[in-house]
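Hi,

Here is the structure we talked about, ready for you to open. Have a look around first, then read my notes below.

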Amino acid sequence: MPAIRVKSPGKTILFGEHAVVYGHPAIAVPLPSIGLQASFLGLPDQPSGTVHIRNINTQQEDLLDSLPAESPIKVSIDVTTDFLKISRLPATEISLSSSIPIASGLGSSAALAAALIRGLSLYLGFQLSNQQINELAFEVEKIQHGTPSGIDNSVIVYQQPIYYMKDHPIECLILEKPLTLVVADTGKPSITKEVVSEVRDRLQAQPYVYTPILDQIGRIAKAAKRDLIKGNLVRVGALINENQELLRRLGVSCLELDLLVATALDAGALGAKLCGSGKGGNIVALAPEGKAEAIRDALLADGAVMALIAEIK
Ligand code: PMV
């Protein structure tokens, strides 16, 4: 069986996180400068069914059978073999390496699922469509996150900027001008499932406060789509700032995120906001031409544990 290597990018959400869980539109872009790589190598000397999982980052090696039932690796492999009706895998070593920080809103869990599903199906001789891979990755995300909107797996599987609404076809966006983003990590972990459930509790307790905030976030994502495609950067930046203010009112920002947002704006960003579930994790800032390095350096000087520049085409 020929060896296979696949890579999934990271992602950031430019507009609409949290509101997207309630059916509003959102916009996400892939971050190809970070990613998760999965390699599949046959082990002809070993009995079939023996699958080794090697984590290159931690140097840990496990047998697939020894992983807990809810392990995202196991679930990704199980949904793929069930879909392909494969009852026993050939002896294989699966190696995983990732530069996507975990629990930080950059798509590490969706990237793992997407790479395992795409890679394993290719390794077994099946060329699945993006739609099929995405449906399977969504199953994995549901087991991990409870009630995900599906935006993370979609942007990572399609590897293009997307306009996303639950239960609607995915719209890939063709940008007329490239977009320069700076993404910076507070270093504070953020657990998506917990923050999504806090928002749900708040919404149930005070719908008259939180429903209008989510509605307005949805309207901003809708308005931003055209400006993003046209490359109206000043307008996109203003909408990013409005989105951040609403996320703060939703209760999902935190001191560390607010500080990095302020730093990015002081350093010349056209807009900056938290990205992903919030309460930690990363911010994303929109850089005007020639300013990305200065914004990144200011973020690193002000405590970001990682900052990267991404050119989105
Ligand atoms: O997984 P994260 O932290 O990037 O958050 C995803 C965005 C949310 O809207 C908060 C959740 C979802 O499922 O859409």
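What follows is a short tour of the ligand and its surroundings.

One thing before you start: this is a predicted model, where local features need pLDDT of at least 70, side-chain atom pairs count only at pLDDT 80 or more, and totals for chains, interfaces and linings use all residues. Residues are numbered from 1 along each chain as its sequence is written, and side-chain values use heavy atoms, with hydrogens and water left out.

Now the ligand. Around it are 15 residues (each with a heavy atom within 4 Å of it), and Lys11, His18, Ser149, Asp152 and Thr192 come nearest.

Some polar contacts (pairs of N or O atoms within 3.5 Å) are worth finding on screen. Asp152 has a polar side-chain atom 2.8 Å from a ligand oxygen, and for Thr192 that distance is 2.9 Å, also from a polar side-chain atom to an oxygen of the ligand. Ser277 uses a backbone N or O atom instead, 3.0 Å from a ligand oxygen.

Elsewhere, Lys225 lies over the face of Tyr163, 4.3 Å from the ring centre (the rule: NZ of Lys or CZ of Arg within 6 Å of the centre and within 35 degrees of the ring normal).

Cheers

Definitions and conventions
A polar contact is a pair of N or O atoms within 3.5 Å; within protein, one must be able to donate a hydrogen and the other to accept it, and residues adjacent in sequence count only if both atoms are side-chain atoms.
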